[in-house]
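Student: I should like to learn how to read the contacts between two chains and the packing of aromatic rings. Could we work through an example together?

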There are 2 protein chains.
Amino acid sequence: MFTVYNETDLKDLGGGVTRRILAHGKDMMAVEVTFDEGAVGAMHTHPHTQISYVLDGEFLATIGNETKKICKGDTYYTLPDVPHGVVCIKKGTLLDIFTPEREDFLK
Amino acid sequence: MFTVYNETDLKDLGGGVTRRILAHGKDMMAVEVTFDEGAVGAMHTHPHTQISYVLDGEFLATIGNETKKICKGDTYYTLPDVPHGVVCIKKGTLLDIFTPEREDFLK
């Protein structure tokens with residue numbers, strides 16, 4: 001199943017954060033999340049495993065008790081129910097991939 | 001778990017294809033695969049679900065019986081055991097994410 005980037009919808013989440021749902025199915029979902037400088041992805045948990053890839057920009061990412069500055073190409077892996085979040089220190093975009101699909105994003 | 005891009009290893013797979021294993025754990029794995037123009041990722045199957053994201057370049061991607069030209073930001077989703085492959089038509093890189101982990105890549 002192909003998902004053409006220019007046919008996806010950009011959703012404004014407020015607070016300088018936008019989201020674009022890309023390819024997804026029952027087992028996985030890919031989502032681009034773009035942050036203005038200073039925008040925050042607040043600490044949260046979910047029952048999905050997640051990998052995030054920095055497409056561009058710079059972020060302070062926290063997973064559990066560990067915080068690290070990450071930039072283009074850096075990745076992180078978070079297990080279900082582990083608190084994680086980011087603060088954007090230079091405008092940019094994360095590619096978040098979840099397993100299974102984030103059904104809550106489709107409502 | 002953070003994976004710093006510059007600390008990952010680039011593996012030459014031959015035929016104008018290189019691979020870099022990024023963040024991974026039992027449930028998921030992220031892998032960058034870079035193709036020279038004309039390089040081929042031959043049709044193959046595996047028991048993992050996969051999402052691929054075009055980081056740059058252009059590819060002809062085939063999933064089952066469908067072939068499509070894809071470029072930056074385009075994504076595709078492949079179910080387990082569905083044949084898929086790519087031909088690179090402009091040098092570039094795919095980000096492949098698998099669930100579960102590709103243990104065969106770690107041997």
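**Reading an interface and its rings**

Tutor: Let us begin with polar contacts: in this predicted model, 17 residue pairs are in polar contact between chain A and chain B, both residues being at pLDDT 80 or more.

Student: Which strand gives the most to the side of chain A that touches chain B?

Tutor: That strand is β6(A), with seven residues. Strands of chain A that each supply at least two residues to this side include β3 (17–24), β4 (29–35) and β9 (84–99).

Student: How many salt bridges does the rule find across the interface of chain A and chain B?

Tutor: The rule requires a Lys or Arg side-chain nitrogen within 4 Å of an Asp or Glu carboxyl oxygen; the count here is zero.

Student: What area is buried between chain A and chain B?

Tutor: About 2900 Å² is buried, and carbon and sulfur atoms give 69% of that area. On the side of chain A, Phe2(A), Met28(A) and Tyr77(A) lose the most area to chain B, together 27% of what that side buries.

Student: How many aromatic pairs does the structure hold over all chains?

Tutor: There are six. One of them joins Phe35(B) and Phe59(B), with centres 5.4 Å apart and 80° between the planes; planes over 60 degrees apart count as edge-to-face, so this pair is edge-to-face. Phe35(B) lies in strand β4 and Phe59(B) in strand β6 of chain B, 24 residues apart.

Student: Are Phe35(B) and Phe59(B) buried or exposed?

Tutor: Both are buried.

Student: Where does Arg19(B) lie?

Tutor: Arg19(B) lies over the face of Phe105(B), at 3.9 Å from the ring centre. The charged end of Arg102(B) sits over the ring of Phe98(B), 4.9 Å from its centre.

Technical notes. Residues are numbered from 1 along each chain as its sequence is written. Chains are lettered from A and ligands numbered from 1 in the order in which they are written. This is a predicted model: local features need pLDDT of at least 70, side-chain atom pairs count only at pLDDT 80 or more; totals for chains, interfaces and linings use all residues. Side-chain values use heavy atoms; hydrogens and water are left out. Rings of Phe, Tyr and Trp (its six-membered ring) pair if their centres lie within 6.5 Å; planes under 30 degrees apart count as stacked, over 60 as edge-to-face and the rest as tilted. Helices (H or I, at least four residues) and strands (E, at least two) are DSSP runs, numbered from the N terminus. Buried means under 20% relative accessible area, exposed over 50%, partly exposed in between (1.4 Å probe, protein chains only). A charge sits over a ring if NZ of Lys or CZ of Arg is within 6 Å of the ring centre and within 35 degrees of the ring normal. Buried area is the accessible area (1.4 Å probe) that two parts lose on being put together, summed over both. A polar contact is a pair of N or O atoms within 3.5 Å; within protein, one must be able to donate a hydrogen and the other to accept it, and residues adjacent in sequence count only if both atoms are side-chain atoms.
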